[in-house]
Amino acid sequence: MGIGEGLLKATLESYQQQGVVEASLEAVKVNEKAIHLYQKYGYEIVDTLLFLKHRGSFHASLLKKKNQLTYSLKRRLAKDIQNLPFYTYDVPWKNQFDCIRDGESFIALNEKNEEVGYLLFQKNFSSIGIVNSVTFYQESVKEHISNSEDVLSFLLATIFNMYGPIAYNTYNVPEKRNSLLVKMLKSFGFQDLYTDEGIKLEQVFMKKQL
């Protein structure tokens, strides 16, 4: 009926009127019809957005090894990472600090007490107020440091040790942009998440220059 195309045209016109220079959106990867429509109007796929999961316990030796690193932890709200010089804005809007309800951040400090990395996440609670799952949204490590994997390993191991064998998930994590996070999560045993119909749950991240 052309409804989707009409809405997209109106949206792009609104962007231009407001002086927007770059537009982005997410689309379910198997929704080829929608993706084709976006591409018709100049959007390009720039990344794949992953949904990963972990259930059950972690190998104790792995957690112990990754938690014996020379970093200290600063626990903050999600909004407290926005002023870090290495905060990542180039991610889907739902993964931004101000779009995560009751979001939290763990910030790693090196031996000089310098902020060198963060992990942005959200705790979810059971009906009786117990943390029953954690969702990861993004991470970033300070540029030009040689031990970036150690920084993120410390942050992840800290969370896993803190909350134990609950459900852990990622939401719309960019495979390229947050490649380090994806790599480290898989080293802890995270796997792809599938729908009830057996379809791999992932999206594409698309951008258009205006």
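A pocket here is an open set of grid points with protein on both sides within 12 Å along at least five of seven lines, and its lining residues have an atom within 4 Å of a point. With that in hand, let's look around this predicted model. Its largest pocket holds about 400 Å³ of space, and the second largest has a volume of about 260 Å³. There's also a helix, H5, with several buried residues.

**The largest pocket**
- You'll find 18 residues lining the largest pocket, and Gly4, Glu5, Leu8, Leu37 and Tyr38 sit nearest its centre.
- Three elements each chip in at least two lining residues: helix H1 (3-17), strand E1 (22-28) and helix H2 (32-40).
- H1 gives the largest share of that lining, with seven residues.
- Sorted by class, the lining of the largest pocket comes out as ten nonpolar, five polar and three charged residues.

**The second largest pocket**
- The second largest pocket has 13 lining residues, with Thr88, Ser140, Val141, Lys142 and Glu143 nearest its centre.
- Strand E7, which covers residues 131-141, gives the most to this lining: three residues.
- As for the mix, the lining of the second largest pocket has four nonpolar, five polar and four charged residues.

**Helix H5 and what follows**
- Helix H5 runs over residues 179-187, and its buried residues are Leu180, Leu181, Val182, Met184 and Leu185.
- Just past the end of H5, glycine 189 takes a positive phi of about 100°.

Key:
Residues numbered from 1 in each chain as written. Predicted model: local features only at pLDDT ≥ 70, side-chain atom pairs only at ≥ 80, totals over all residues. Heavy atoms only, no water. 1 Å grid on protein atoms, 1.4 Å probe; cavity = no way out; pocket = protein on both sides within 12 Å on 5 of 7 lines; lining within 4 Å. Points joined across faces, edges and corners; volume = space filled by probe spheres on them. Helix = DSSP H or I, 4+ residues; strand = E, 2+ residues; numbered from the N terminus. Nonpolar A, V, L, I, M, F, W, Y, C, P; charged D, E, K, R; others polar. Buried < 20%, exposed > 50% of the residue type's maximum accessible area, 1.4 Å probe, protein only.
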